[in-house]
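Got the model loaded and a selection box ready? Here's a short walk through it, stop by stop.

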Amino acid sequence: MDTQTDKLAQLSPFELKDELIKLASSVENRLMLNAGRGNPNFLATIPRHGFWRLGLFAMREAERSFAYLPEGVGGFPRLAGIEDRFEIYAREHAGTPGMEFLVGAVSYVRDQIGMDAAIFLYDMCEAVLGCNYPVPDRMLRSAEPIVAHYLRQEMVGAHPFTGTFDIFATEGGTAAMTYIFNTLRENRLLSPGDKIAIGMPIFTPYIEIPALNDYRLDIVNIEADPSQGWQYPASEIDKLKDPAIKAFFLVNPSNPPSVRIDHATLERIADIVKQRPDLILLTDDVYGTFADDFVSLFAVAPQNTILVYSFSKYFGATGWRLGAIAVHQDNVLDRAIAALPDDVKAELDERYASITTTPRDLKFIDRLVADSRTVALNHTAGLSTPQQVQMVLFALFALMDTPNSYKAAMKRLIRAREHALYREIGVGPTPNPDDVGYYTLLDLADLSEKAFGKPFAEWLLANVEPRSLLFELASESGVVLLPGGGFGALTPAGRVSLANLNEADYAKIGRAARALIEKYWVRFSDQKQG
Ligand SMILES: *Cc1c(COP(=O)(O)O)cnc(C)c1O
């Protein structure tokens, strides 16, 4: 290995990506293709039309007050008669973008969810105008049941589920992660030196945060096996039987392999939780909506699981910053807090004394909310109210789409891109029923073996540093892939996001990968002859 590749091996995946971008954009008049980005290049239009239409209706409500003041002063919406005024507005604006969706949404909320339509409309108008602090701070009363229905549909589906869960609306899934790590530590559910298990490969922050000085957690890897379609082997899952492991953090479906945990593994984890009722599970299921009939660990082990969900990917809404934390009302976290030693409880009484006279009754999820504003600023906690409106409209859009046509469109879009990519390479990954296809790991060893046989693939692995293949793709073809290895994957692979570019671009990436493999094939053949 020369010093250049040595240096590259030291870089973090995100630093490496920056280097790749530099190389890929170094040739003038060549288009860079950056398939490293997870940010979707599509977005859901209908619930956004609904947002703007609702905003215009809310403005009309606001301007009913103080209308005699010409300086641009309005007031709060009024509950009395709001449903009638909405009906008149809908008739006046029939056929305009978002109107039909909004009318359908109000009737869905009333008829399917069983909420009072007037209160819903009033809450949403007030929220879209952003004229009050978010109250309750955890989540608005009209927003929580709707998002709960959505999470139940997408994360639980037909799986049996008893009891109810609370939701904390957050500024995206990444804020949710920050809040959870912090509150687990503040409440001594995780302390420096404690052992946690992490499902690998994983989105790198989940490796980096626990290692930070604030946390200094001892990490046990639970490795998915590429030869078993990226499932966790039973022997890996069984590591969770160790009572020293306090929590298991995972992304499901995974990032980068984009594979969901299969039924047998979910059952195995559920069985371990029965033997270890104290085990905390933290599952980030942002990609669950891209799978058919997805079942979250939250459905399988609801009392032990903290569910993190983000609206960023499915609705093309990374800039909105919309995420949610769901916790079952009967859960292991509240039980663990109740079982803390008396001196720790006394300390926590002091911590939360400013917000309640009975701090010991404060639920884990409400501690998350308080801690998100360093407790003292609890009264200004919570996701901004217009954000909660857009979240509600995204959720209603998915709930009302009973033929699942949006989901089908999402899947068609990413699957067509994957097909275009591997069609040009000539060979593809082994079909996997649990592959969700938001990302694909372009595994150059596997593809080389499929294209030209095992001896060639072995030669390639022995003679070429995996990361240098990504550099060649960038410098020769302008193609940027994120290193699969950087996420803890053990194979020489690049992560291709299928969300970020158009189909023709994926075909170009496929051709570039094919050319790279062929270049080495020629070298290999020459060496054999020479
Ligand atoms: C993209 C992604 C998210 C989304 O985070 P936001 O802050 O909601 O944008 C969360 N978790 C994983 C694993 C992701 O890949």
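**Stop one: a sheet and its helix**

Select Leu442 and you'll find it standing opposite Gly494 in S12. Before going on, some ground rules: this is a predicted model, where local features need pLDDT of at least 70, side-chain atom pairs count only at pLDDT 80 or more, and totals for chains, interfaces and linings use all residues. Residues are numbered from 1 along each chain as its sequence is written, and side-chain values use heavy atoms, with hydrogens and water left out.

Now show S9 and strand S12 (residues 493-497): they run antiparallel and are joined by five bridges. Strands and helices here are DSSP runs numbered from the N terminus (E, at least two residues, for strands; H or I, at least four, for helices), and two strands pair if DSSP finds at least two bridges between them. Widen the view to the open sheet of three strands, ordered S9-S12-S11 with antiparallel pairing. Strand S9 (439-443) and strand S11 (482-483) are at the edges with a single partner strand each, so one side of each has no neighbour in the sheet.

Add helix H17 (residues 405-425), which packs on the sheet and touches S9 and S12; contact means heavy atoms within 4.5 Å. The direction of H17 makes about 15° with that of S9 (axes are lines fitted to C-alpha atoms, for helices over the stretch in contact, with angles from 0 to 180 degrees between N-to-C directions).

**Stop two: rings**

Rings of Phe, Tyr and Trp (its six-membered ring) pair if their centres lie within 6.5 Å; planes under 30 degrees apart are stacked, over 60 edge-to-face, the rest tilted. That rule gives a count of 37 aromatic pairs. Try Tyr314 and Phe315, an edge-to-face pair at 5.1 Å centre to centre with 75° between the planes. Both Tyr314 and Phe315 are buried, meaning under 20% relative accessible area (exposed is over 50%, partly exposed in between; 1.4 Å probe, protein chains only).

Next, pick Trp459 and Phe524, a tilted pair at 5.4 Å centre to centre and 55° between the planes. Trp459 lies in helix H19 (residues 454-463) and Phe524 in helix H21 (residues 503-529), so the pair ties together parts 65 residues apart in sequence. Trp459 is buried at 13% relative accessible area, and Phe524 is buried at 8%.

**Stop three: the end of a helix**

Finish at H7, whose buried residues include Ile146, Tyr150 and Leu151. Just after H7 comes Gly157, with a positive phi near 60°.
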